[in-house]
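Open the model in your viewer and keep the selection panel at hand. We will go from the whole chain to one helix pair, then to a patch on the surface.

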Amino acid sequence: SVVEQNYPDFYSIVYSADVFIPLIDLGEERYWLPNSKTVISYEEDESGKGFPIGMIVYIMVLAERILGAVLMAIAVTGFTGILTSSDNAS
């Protein structure tokens, strides 16, 4: 028998924020992942050849995750005073 699963609706902005901000969990990333095997076919046949849109989206999600982690680390170090201004350096 087929088990029906109820997934929450997909909201792209919430998903993007969930991937970008590593400290909070908005629940979108838990249910939705990009399918790296998705292609946009050039022709009518199902040969599997085409534009690899799924892999591009997957790479963009990874880049957003890395950028969010780097910016969060910079923000945390700035708020905790690890980064000093040029006035205190002399």
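Start with everything selected. This is a predicted model. Of the 90 residues in the protein chain, 9% are buried. Now switch on the surface. The accessible area of the chain is about 7,400 Å². Carbon and sulfur atoms account for 63% of that area.

Next, color by secondary structure. The chain has 3 helices and 2 strands. Trace them from the N terminus: the order is α-α-β-β-α.

A contact map is worth a look here. Take the contacts with a separation of 6 or more: 31% of them join residues 24 or more positions apart.

Now select α1, residues 12–20, and α3, residues 53–80. How do these helices pack? Their axes lie 7 Å apart, at an angle of about 55°. That angle makes α1 oblique to α3, because it falls outside the ranges for roughly parallel, antiparallel and perpendicular.

Show side chains at this contact. On α1, pick Tyr15, Ser16, Val19 and Phe20. On α3, pick Val61, Glu64, Arg65, Leu67, Gly68, Ala69 and Leu71.

Then step back to Tyr11, in the segment before α1. Is Tyr11 buried, exposed or partly exposed? Its relative accessible area is 48%, so Tyr11 counts as partly exposed; the exposed class begins over 50%.

Finish by adding Val14, Leu23, Ile24 and Leu26 to the Tyr11 selection. Together these residues make a nonpolar surface patch of about 470 Å².

Terms used:
Residues numbered from 1 in each chain as written. Predicted model: local features only at pLDDT ≥ 70, side-chain atom pairs only at ≥ 80, totals over all residues. Heavy atoms only, no water. Patch = residues over 30% accessible without salt bridge, like charges linked within 9 Å, V, L, I, M, F, W, Y side chains within 5 Å. Areas by Shrake-Rupley, 256 points an atom, 1.4 Å probe, with all protein chains shown as cover. Salt bridge = Lys/Arg side-chain N within 4 Å of Asp/Glu carboxyl O. Helix = DSSP H or I, 4+ residues; strand = E, 2+ residues; numbered from the N terminus. Buried < 20%, exposed > 50% of the residue type's maximum accessible area, 1.4 Å probe, protein only. Axes fitted to C-alpha atoms, helices over the stretch in contact; angles between N-to-C directions. Parallel < 35°, antiparallel > 145°, perpendicular 65-115°, else oblique. Contact = heavy atoms within 4.5 Å.
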